[in-house]
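Hi,

Here is the structure I said I'd pass on. Have a look at it first, and then read my notes on the aromatic side chains below.

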Amino acid sequence: MIYYFETSALVKVYHTEEGSETMKTMYHSTSDRIIISNLAIPETFSAFHRKSREGVLSELEFRLIVRKFFTDITRR
């Protein structure tokens, strides 16, 4: 199966919130492909940055999530 993940779906993969378990299951399925738009990359980074500014993520959590996100999109 091929899934298209828009920004809010990607954020749910890296930061636990309502709907995260479903998105994580789909994302980590080895038999499925995930497609994202080029715009999803800066939008997702921006969403993480907003969560950091609002105090939802600590500076360390922000850096770790961003590193994991960019590692995933370059490898996957």
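What caught my eye is a cluster: ring pairs link up Phe5, Tyr14, Tyr27, Phe45, Phe48, Phe62, Phe69 and Phe70. Bear in mind that this is a predicted model. In total the structure has eight aromatic pairs, and I'll walk you through two of them.

Start with Phe45 and Phe70. Their ring centres are 6.4 Å apart, which falls inside the 6.5 Å limit for a pair. The planes meet at 50 degrees, so this one is tilted: stacked would need under 30 degrees and edge-to-face over 60. Phe45 sits in helix α3 (residues 40-53) and Phe70 in helix α4 (residues 59-75), so the contact ties together parts that are 25 residues apart in sequence. As for solvent, Phe45 comes out as partly exposed at 33% relative accessibility. Phe70 is partly exposed too, with a relative accessible area of 33%.

Now for Phe48 and Phe69. Here the ring centres lie 5.9 Å apart and the planes are at 80 degrees, so the pair is edge-to-face. Phe48 belongs to helix α3 and Phe69 to helix α4, so this pair ties together parts 21 residues apart in sequence. Are these two rings buried or exposed? Phe48 is buried, at 0% relative accessibility, and Phe69 is buried as well, with a relative accessible area of 0%; the cut-off for buried is under 20%.

So helices α3 and α4 are tied together by Phe45 with Phe70 and by Phe48 with Phe69.

Cheers

Definitions and conventions. Residues numbered from 1 in each chain as written. Predicted model: local features only at pLDDT ≥ 70, side-chain atom pairs only at ≥ 80, totals over all residues. Heavy atoms only, no water. Phe/Tyr/Trp six-rings, centres within 6.5 Å; stacked < 30°, edge-to-face > 60°. Helix = DSSP H or I, 4+ residues; strand = E, 2+ residues; numbered from the N terminus. Buried < 20%, exposed > 50% of the residue type's maximum accessible area, 1.4 Å probe, protein only.
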